[in-house]
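Visitor: Hey, got a minute to walk me through this one? I'd like to poke at a pocket and a couple of residues.

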Amino acid sequence: HYTLNGIHLSFQKADGEQSAVHAAATDTHRLAHSHITVPLSLETTPGIILSRKTVTELQKLLSDTTSDVTLAISETQVSCAFEDVTLVSRLVDGTF
């Protein structure tokens, strides 16, 4: 039985008004990677690590919505807001 330890998110500036969001996760035996292009102009930033508990809670909250999600990131926390829901969580301190 393997357990997800967390998800690393990174943001890269792409062409024009496009940016890429990369996600990587591991259970120490396997590695998964995914990326999407979003219609925003983001600066390339250092990655963040979301805890397994935060990811699980977000999955539950987002399962019944098609709304856009707004992310706000500080040095120690991430805020995810959509519709009338705001989830604030501490970031995992470390290197992925």
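**Pocket, strand and loop**

Guide: Let's begin with a loop: Asp27 sits between β2 and β3 (31–38). Keep in mind that this is a predicted model.

Visitor: Is Asp27 buried or exposed?

Guide: Buried, because its relative accessible area is 11%, and the cut-off for buried is under 20%.

Visitor: And what does the side chain of Asp27 make a polar contact with?

Guide: The side chain of Arg30, at 2.8 Å. A polar atom of the Asp27 side chain also lies 2.9 Å from the backbone nitrogen of His29.

Visitor: OK, switching to pockets. How much space lies in the largest pocket?

Guide: About 1300 Å³. It's lined by 40 residues, and the closest to its centre are Leu9, Phe11, Val21, Ile48 and Leu71.

Visitor: Which elements give two or more residues to that lining?

Guide: β1 (6–13), β2, β3, β4 (45–51), α1 (52–62) and β5 (70–73). The largest share, six residues, is from β4.

Visitor: How do the lining residues divide into nonpolar, polar and charged?

Guide: You get 24 nonpolar, eleven polar and five charged.

Visitor: Back to Val21. Where is it found?

Guide: In strand β2, residues 19–26. Val21 counts as buried because its relative accessibility is 16%.

Visitor: Leaving aside neighbours within four places in sequence, what is Val21 in contact with?

Guide: Ser10, Phe11, Ser34, His35, Ile36 and Val38.

Visitor: How far apart in space are Val21 and His8?

Guide: 10 Å, C-alpha to C-alpha, with their positions 13 residues apart in sequence numbering.

How values were computed
Residues are numbered from 1 along each chain as its sequence is written. This is a predicted model: local features need pLDDT of at least 70, side-chain atom pairs count only at pLDDT 80 or more; totals for chains, interfaces and linings use all residues. Side-chain values use heavy atoms; hydrogens and water are left out. Helices (H or I, at least four residues) and strands (E, at least two) are DSSP runs, numbered from the N terminus. Buried means under 20% relative accessible area, exposed over 50%, partly exposed in between (1.4 Å probe, protein chains only). Contact means heavy atoms within 4.5 Å. A polar contact is a pair of N or O atoms within 3.5 Å; within protein, one must be able to donate a hydrogen and the other to accept it, and residues adjacent in sequence count only if both atoms are side-chain atoms. On a 1 Å grid over the protein atoms alone, a cavity is a set of points where a 1.4 Å probe fits but cannot get out, and a pocket is an open set with protein on both sides within 12 Å along at least five of seven lines; lining residues have an atom within 4 Å of a point. Grid points are joined across faces, edges and corners, and a volume is the space filled by probe spheres set on the points. Ala, Val, Leu, Ile, Met, Phe, Trp, Tyr, Cys and Pro count as nonpolar, Asp, Glu, Lys and Arg as charged, and the others, Gly among them, as polar.
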